[in-house]
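Dear colleague,

I am handing over the structure below, and my notes on it follow. Please read them with the model open beside you.

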Amino acid sequence: MAKAALQLLLLLCVAAVAWAMDDGGGGGAGMTKIKVYWHDVVAGPNPTAIRVAQAASTNASSTYFGAVVAIDDPLTSSPAAAAAGEVVGRAQGTYTFADQRVIGLLMDMNFVFTAGDHNGSSLAIMGRNEVMSPVREMSVVGGSGKFRMARGYAEARTVDSGFKSGETIVEYTLFVKA
């Protein structure tokens with residue numbers, strides 16, 4: 001009797017692990033992988049990111065703590081400048097400088113697809129973005145159209161910091177299950 005109960009428990013544990021591995025992860029059936037390039041322009045005649053709020057102490061902070069930035073950034077299929085690359089959508093939302101020790105952002109944005117295979121659909125992305133880290137991971141918390149009820153994650157890698165040009169380019173690789 002005890003042996004049968006132990007075997008049943010072991011079987012349930014194996015099944016639970018198999019289910020969890022199939023449902024999560026970076027691949028598998030039903031998982032869509034999308035790569036886009038996010039162009040955040042803070043300088044020049046046509047900025048796509050504008051500071052809309054800040055705390056009284058933000059300018060004295062080494063991490064810009066308390067600043068809130070509204071964005072309407074182009075998403076392209078290549079890292080080339082947005083004017084030269086194929087624009088496949090827009091990243092619309094906000095990012096907040098939310099860390100007092102390092103430059104850490106709270107990202108809250110929708111990737112709205114306007115061309116290509118995902119035209120008419122969107123993905124909602126939210127999470128921490130410690131910009132000086134080589135790879136950052138954020139959550140895909142929903143979507144619309146083709147991505148209704150989506151879940152997954154986004155990996156962000158900086159291509160160009162924008163220190164000289166005023167245009168930061170970040171490669172976003174999205175792993176989505178809808």
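**The loops and their residues**

Methionine 149 sits in the loop between β7 and β8, and with a relative accessible area of 68% methionine 149 is exposed. Before going further, please keep in mind that this is a predicted model. The backbone of methionine 149 has a positive phi of about 65°, although the residue is not a glycine. Most residues other than glycine have a negative phi. A second residue of this kind is tyrosine 64, whose phi, near 60°, is likewise positive in a residue other than glycine. Tyrosine 64 belongs to the loop between β2 and β3, and it counts as partly exposed because its relative accessibility is 38%, which falls between the limits for buried and exposed.

The loop between β2 and β3 (68-76) also holds serine 61. Serine 61 counts as buried, since its relative accessibility is 18% and the cut-off for buried is under 20%. The side chain of serine 61 reaches the backbone nitrogen of phenylalanine 65, at 3.2 Å.

In the loop between β1 and β2 lies proline 47, which at 34% relative accessibility counts as partly exposed. Leaving aside neighbours within four places in sequence, proline 47 is in contact with Val41 and Val42. Proline 47 and glutamate 167 are 120 residues apart in sequence, and yet their C-alpha atoms are 8.8 Å apart in space.

The loop between β5 and β6 contains both glycine 116 and histidine 118, and the two fall into opposite classes. Glycine 116 is exposed, with a relative accessible area of 52%, whereas histidine 118 is buried, with a relative accessible area of 13%. If residues up to four places away in sequence are not counted, histidine 118 touches Thr32, Ile34, Phe113, Lys146 and Phe147. For glycine 116, the C-alpha to C-alpha distance to glycine 89 is 9.0 Å, with their positions 27 residues apart in sequence taken as the separation.

**The fold as a whole**

The secondary structure of the protein comes to one helix and nine strands, and from the N terminus on the elements run α-β-β-β-β-β-β-β-β-β. Of the 178 residues of the protein, 37% count as buried. Among contacts between residues at least 6 apart in sequence, 48% join residues at least 24 apart.

**The nonpolar core**

Which residues have the most contacts inside the largest nonpolar core? They are Trp38, Tyr95, Met109, Phe111, Leu123, Tyr172 and Leu174, in a core of 29 residues. Each of β1, β3, β4, β5 (104-113), β6 (122-130), β7 (136-144), β8 (151-160) and β9 supplies at least two residues of this core, and β5 gives the most, with five residues.

Leucine 174 may serve as an example from this core. Not counting residues up to four places away in sequence, leucine 174 touches Thr32, Lys33, Ile34, Phe111, Phe113, Leu123, Ile125, Tyr153 and Ala154. Two of these partners, Thr32 and Ile34, are also touched by histidine 118, as is Phe113.

Strand β6 includes alanine 124, which counts as buried at 18% relative accessibility. With residues up to four places away in sequence again left out, alanine 124 touches Met109, Asn110, Ser139, Val140, Val141, Gly142 and Gly143. Of these, valine 141 is 17 residues from alanine 124 in sequence, and the C-alpha atoms of the two are 5.6 Å apart in space.

**The largest pocket**

How much space lies in the largest pocket? The figure is about 680 Å³. The largest pocket is lined by 25 residues, and those nearest its centre are Phe97, Val131, Ser161, Phe163 and Thr168. Strands β1 (31-41), β2 (49-53), β4 (87-97) and β9 (167-177) each supply at least two residues of the lining. By class, the lining residues divide into 15 nonpolar, six polar and four charged.

With best regards

Key:
Residues are numbered from 1 along each chain as its sequence is written. This is a predicted model: local features need pLDDT of at least 70, side-chain atom pairs count only at pLDDT 80 or more; totals for chains, interfaces and linings use all residues. Side-chain values use heavy atoms; hydrogens and water are left out. On a 1 Å grid over the protein atoms alone, a cavity is a set of points where a 1.4 Å probe fits but cannot get out, and a pocket is an open set with protein on both sides within 12 Å along at least five of seven lines; lining residues have an atom within 4 Å of a point. Grid points are joined across faces, edges and corners, and a volume is the space filled by probe spheres set on the points. Helices (H or I, at least four residues) and strands (E, at least two) are DSSP runs, numbered from the N terminus. Ala, Val, Leu, Ile, Met, Phe, Trp, Tyr, Cys and Pro count as nonpolar, Asp, Glu, Lys and Arg as charged, and the others, Gly among them, as polar. Buried means under 20% relative accessible area, exposed over 50%, partly exposed in between (1.4 Å probe, protein chains only). A polar contact is a pair of N or O atoms within 3.5 Å; within protein, one must be able to donate a hydrogen and the other to accept it, and residues adjacent in sequence count only if both atoms are side-chain atoms. A nonpolar core is a set of buried Ala, Val, Leu, Ile, Met, Phe, Trp, Tyr and Cys residues joined through side-chain atoms within 4.5 Å. Contact means heavy atoms within 4.5 Å.
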